[in-house]
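Please look through the structure shown here, following its aromatic rings before turning to a buried serine-type environment and a nonpolar core only as the text reaches them.

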Amino acid sequence: MKSLIYWLAFLPFISFAQTYKLIPLTTGTNTSIRGMSAVSGDVAWVSGSNGYIGKTIDGGKTWHWTQPAGYEKLDFRDIEAFDEQKAIVVNAGSPAYVLLTIDGGKTWTERYKNLDSAIFLDGMDFWDAKNGIIFGDPILHKMQLLRTKDGGQSWNDISANLTFDMTVGEAGFAASGTTIKTLPGGRTWIATGGAVANIYFSDNYAYTWKRFSCPIVQGESSAGTFSMAFYNKNKGIVVGGNYLKDKENSNNVLLTTDGGKTWKKPITPVSGYRSGVAYLTAKVLLAIGSSGTDISQDGGLKWYNISDLGFNVVQKSKKGNLVLLAGNKGYIYKVLSQ
């Protein structure tokens, strides 16, 4: 692992109220990072291919990497961390596993396993320290749903709670672990794509669901919603596009002010396919993808490209102001504002 300190990949825009720097933190680990959980200004975890899981406890200055024994070939597409000791990871593909550590990543225990050849888990989120949910691609037209009530120690199949049949060719994207979003109090959004794009919504901890159409680009297996963020129960955003045409930017970002029931296009879109989006404040958002990084400083109405560097995932820490981006070959960057 090689630590990079001084190289700044940054383009200033003098029209902005603030300017932003993308600062490389680390690279060289043989993993494509798609899972991220930024806990605080100091603590963050990432996960990726080849069974790698990374952790920092000093705001990204140093990273410790581990590969849980026996799971070195898994592609960990999402991770949820609670502090520097406890984290949960989920992999994409079959067999499907959920692993838990409570000792900072020194040891991992298997808390769920599914050998079905059709299983493919896409993302995970938690309403609070005890209650969490995982979703996956449909089996026999039914979205797969798992729920924990004990902080990830056990997981129960609650797929029967979502009574909608999914369209043939409709599925989730495990691009950044952010096609599922929860807010405290039981609110849950799940975004799909492919043949059709929908938003599935529950306001009662996944017991009952509604479905809203999402008019983002869709109709191909490589197109749809790849990331979603909600600032509050009403204000949210989706980004995506077609990852096989990652410089196209037709209808690949939409905004909602009614909790996902309806969506509208921004004034100026993002610059291409985007697999991750995050609110830094109510007004400032970052969107990242394989073809570059964009910023909005007016709540998502107008977007400006600030870098051609490609990333898979972006997050702002739950506490504090740590903003991280990550991508292929173990790249992790920090975002600083001036």
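Phe126 has a relative accessibility of 8% and therefore counts as buried, a term that stands for under 20% relative accessible area, with exposed meaning over 50% and partly exposed in between (1.4 Å probe, protein chains only). The model is predicted, so that local features need pLDDT of at least 70 and side-chain atom pairs count only at pLDDT 80 or more, whereas totals for chains, interfaces and linings use all residues. Residues are numbered from 1 along each chain as its sequence is written, and side-chain values use heavy atoms, with hydrogens and water left out.Phe126 belongs to one of the 16 aromatic pairs that a search of the whole structure finds; rings of Phe, Tyr and Trp (its six-membered ring) pair if their centres lie within 6.5 Å, and planes under 30 degrees apart count as stacked, over 60 as edge-to-face and the rest as tilted. Its partner is Phe82, in an edge-to-face arrangement with 5.1 Å centre to centre and 90 degrees between the planes. This pair links distant parts of the chain, since Phe82 lies in the loop between strand S7 (75-81) and strand S8 (87-92) while Phe126 lies in strand S11 (residues 121-126), 44 residues apart; strands are DSSP runs (E, at least two residues), numbered from the N terminus. Phe82 is partly exposed, with a relative accessible area of 22%, and Lys86 lies over the face of Phe82, at 4.7 Å from the ring centre, where the criterion is NZ of Lys or CZ of Arg within 6 Å of the ring centre and within 35 degrees of the ring normal.

The rings of Trp189 and Phe201 have planes at 40 degrees and centres 5.2 Å apart, so this pair is tilted. Trp189 in strand S17 (residues 187-191) and Phe201 in strand S19 (residues 198-202) are 12 residues apart, and both Trp189 and Phe201 are buried. Elsewhere, ring pairs link Phe173, Phe226, Tyr243 and Tyr273 into a cluster.

Two members of that cluster, Phe173 and Tyr243, are also in contact with Ser222, as are Gly241, Asn242 and Leu244, leaving aside neighbours within four places in sequence; contact means heavy atoms within 4.5 Å. Ser222 is found in the loop between strand S20 (210-213) and strand S21 (223-230), and at 4% relative accessibility Ser222 counts as buried. The side chains of Ser222 and Asn242 are joined by a polar contact of 2.8 Å.

The largest nonpolar core has 15 residues, and those with the most contacts inside it are Leu22, Leu286, Val314, Leu325 and Val335. At least two residues of this core come from each of strand S2 (20-27), strand S25 (285-289), strand S29 (323-326) and strand S30 (332-337). Among the residues that Leu286 touches are Trp303, Ile306, Val314, Val323 and Val335.

Key. Core = buried A, V, L, I, M, F, W, Y, C linked by side-chain atoms within 4.5 Å. Helix = DSSP H or I, 4+ residues; strand = E, 2+ residues; numbered from the N terminus. Polar contact = N/O pair within 3.5 Å; in protein donor to acceptor, adjacent residues only side chain to side chain.
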